[in-house]
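Visitor: Hello! I am new to this one, so could you show it to me and let me ask about it as we go?

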Amino acid sequence: MNGGDEVIAAPAGPSNPLDWKFSQVFGERTAGEEVQEVDIISAIEFYKSGDYLATGDRGGRVVLFERTDTKDHGGSRRDLERAEYSISRHPEFRYKTEFQSHEPEFDYLKSLEIEEKINKIRWCQTANGALFLLSTNDKTIKFWKVQEKKVKKISEMNVDPSKGVGNGSIASSSSSTIYLANGGSPERSQNYLSNDFSFPPGGIPSLRLPTVVSSHETSLVARCRRVYAHAHDYHINSISNNSDGETFISADDLRINLWNLEISNQSFNIVDVKPANMEDLTEVITSAEFHPTHCNTLAYSSSKGSIRLVDLRQSALCDSHAKLFEEQEAPGSRSFFTEIIASISDIKFGGDGRYILSRDYMTLKLWDINMDSGPVATFQVHEYLRPKLCDLYENDSIFDKFECCLSGDGLRVATGSYSNLFRVFGCAPGSTEATTLEASKNPMRRQVPTPSRPSRSLGNSITRVVRRGAETPGVDANGNSFDFTTKLLHLAWHPTENAIACAAANSLYMYYA
């Protein structure tokens, strides 16, 4: 690092900047095409193996994608990975299915419209070839099972064609083919009986069993297994699965609830920051996530820029935290916007649970859970917007909630920005990687050579790296004029490979390195 800078206790490993390439796009819009509000993507989540990807949109739909480039090889997973490596294969996905997860509702008690927009999606453990996932809007969480069902068709009824059986004759009616779906359940199969089918009085003497049943195509069926409702007075901003595979949390502005996946009619309130008098309210919960391996640990962030680590073994109501992570503000730096831009919009644990990545309006911060004196690295994302904070406040852009993500190996972090741009930073010791990409078929199109010289920020006698973008007012990190109407809020990093999926309005772009 120039000038002897070092990152304290950050993940180790190589730090050569990655060369990102366009992989795929789903739902690409043509030039001038108007985007429907309901089609805008509002959530992205990879399954933990990376073989599936789910997106949710503002219209309440969940769309599933399946990885295809690992399907055509025999042999073990290790052999497959070697084969992929040898031919530089990168993750490729295809559309799998979609279903309507949430519908718009109206809360008559509070005279409040509840929109169908999907706020978060979380994958659960697969079982018996079925996929399970949780999805939530502002008020209601749903547990979905997606499974392939074989549609069976009765091809022969063993009826003597010479003996008519009324005008509903099976033999003579070409439209009376019977389909049995869902294992032959009567309520499902009756949907496939034609209207002109009828049995004569006394039955059909020439009908013999067994008939010939043949399996034709398979269809994917999404079924809502459970609905977890009426537990939040405020809008749900987070859901997170526990590593025990049995429980999950849901968080709104003031409370975090613990659920059992099998029980939908009760939950336990484990964090409650609501004061006795609402006028005393100084901060709200903005994001919450379980530790990836310790089932008793979770973290939640606040609008004041702090992160609290909670141990569920300490007490039933975890109002007192085990650890508090926050950065002290520099003397004399306070302004009207200080608290607004300090609000954390998203937190993510690294794969091993040692680090927490947080995103506020201006920066990405990497925290070591063993060191609560301050972040081990700070990455400047929106420093060039500081002179424009008044304008951003006027048009409400200052309240945009950008998500963040870490690579599976913990060596890099990423987050979105305006003009459909996203940033990738290296967080290994000695790394100066700071790449800006555009969500388009040519991600490097708007690159200009900008020096990414780290500057030192001294606090508590610990040297921390601060990586900066462009500093010219009116331009983005690449020197282009910025567009506040196109913002890249949602993105996800593939769990095992250097691949990123990100949402630009209704389009899902995928990149690999």
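What follows is a friendly round of questions and answers about this predicted model.

Visitor: How many helices and strands are there in the chain?
Guide: Welcome! The chain runs to 513 residues, and 50% of these count as buried. As for its elements, the chain has four helices and 33 strands.

Visitor: What is the accessible surface of the chain, and what share belongs to carbon and sulfur atoms?
Guide: The accessible surface of the chain comes to about 24500 Å². The part that belongs to carbon and sulfur atoms is 48%.

Visitor: Of the contacts between residues at least 6 apart in sequence, what share joins residues at least 24 apart?
Guide: One pair shows how sequence and space can part ways: F65 and T97 are 32 residues apart in sequence, yet their C-alpha atoms are 7.1 Å apart. Over the chain, among contacts between residues at least 6 apart, the share joining residues at least 24 apart is 60%.

Visitor: Which element gives the largest share of the largest nonpolar core?
Guide: This core has 17 residues, and W20, F422, V424, L491, I500 and C502 have the most contacts inside it. Two or more residues come from each of β27 (421–426), β31 (491–493), β32 (499–504) and β33 (507–512). The largest share is three residues, and it comes from β32.

Visitor: How many residues are in the other core that lies apart from it?
Guide: Among the residues of that other core are L389, F402, Y418 and F484. In soluble globular proteins, nonpolar side chains tend to be buried together. The count for this other core is 15 residues.

Visitor: Is F65 buried or exposed?
Guide: F65 sits in strand β4, which spans residues 61–67. Leaving aside neighbours within four places in sequence, F65 is in contact with several residues, including F26, Y52, F93 and L508. Its relative accessible area is 5%, and buried means under 20%, so F65 is buried.

Visitor: Why is the pair of F22 and Y511 edge-to-face?
Guide: The structure holds 26 aromatic pairs. In the pair of F22 and Y511, the ring centres are 6.1 Å apart and the planes stand at 70°. Planes over 60 degrees apart count as edge-to-face, so this pair is edge-to-face.

Visitor: How many residues apart in sequence are the parts that this pair of F22 and Y511 ties together?
Guide: F22 belongs to strand β1 (residues 21–26), while Y511 belongs to strand β33. F22 counts as partly exposed at 24% relative accessibility, and Y511 counts as buried at 1%. Together with F422 and Y509, they form one aromatic cluster. The parts that the pair ties together are 489 residues apart in sequence.

Visitor: Which are the edge strands of the open sheet β13-β14-β15-β16?
Guide: Four strands make up this open sheet, and their pairing is antiparallel. From one strand to the next, the twist averages 25°. An edge strand pairs on one side only, so to speak, and the two that do this are β13 (238–241) and β16 (263–272).

Visitor: Which residue in β14 stands opposite S240?
Guide: Strand β14 covers residues 247–251 and pairs with β13 in the antiparallel sense. Four bridges join these two strands. The residue in β14 that stands opposite S240 is I249.

Key: Residues are numbered from 1 along each chain as its sequence is written. This is a predicted model: local features need pLDDT of at least 70, side-chain atom pairs count only at pLDDT 80 or more; totals for chains, interfaces and linings use all residues. Side-chain values use heavy atoms; hydrogens and water are left out. A nonpolar core is a set of buried Ala, Val, Leu, Ile, Met, Phe, Trp, Tyr and Cys residues joined through side-chain atoms within 4.5 Å. Buried means under 20% relative accessible area, exposed over 50%, partly exposed in between (1.4 Å probe, protein chains only). Two strands pair if DSSP finds at least two bridges between them. Axes are lines fitted to C-alpha atoms, for helices over the stretch in contact, and angles run from 0 to 180 degrees between N-to-C directions. Contact means heavy atoms within 4.5 Å. Accessible areas come from the Shrake-Rupley method with a 1.4 Å probe; for residues, only the protein chains shown count as cover. Rings of Phe, Tyr and Trp (its six-membered ring) pair if their centres lie within 6.5 Å; planes under 30 degrees apart count as stacked, over 60 as edge-to-face and the rest as tilted.
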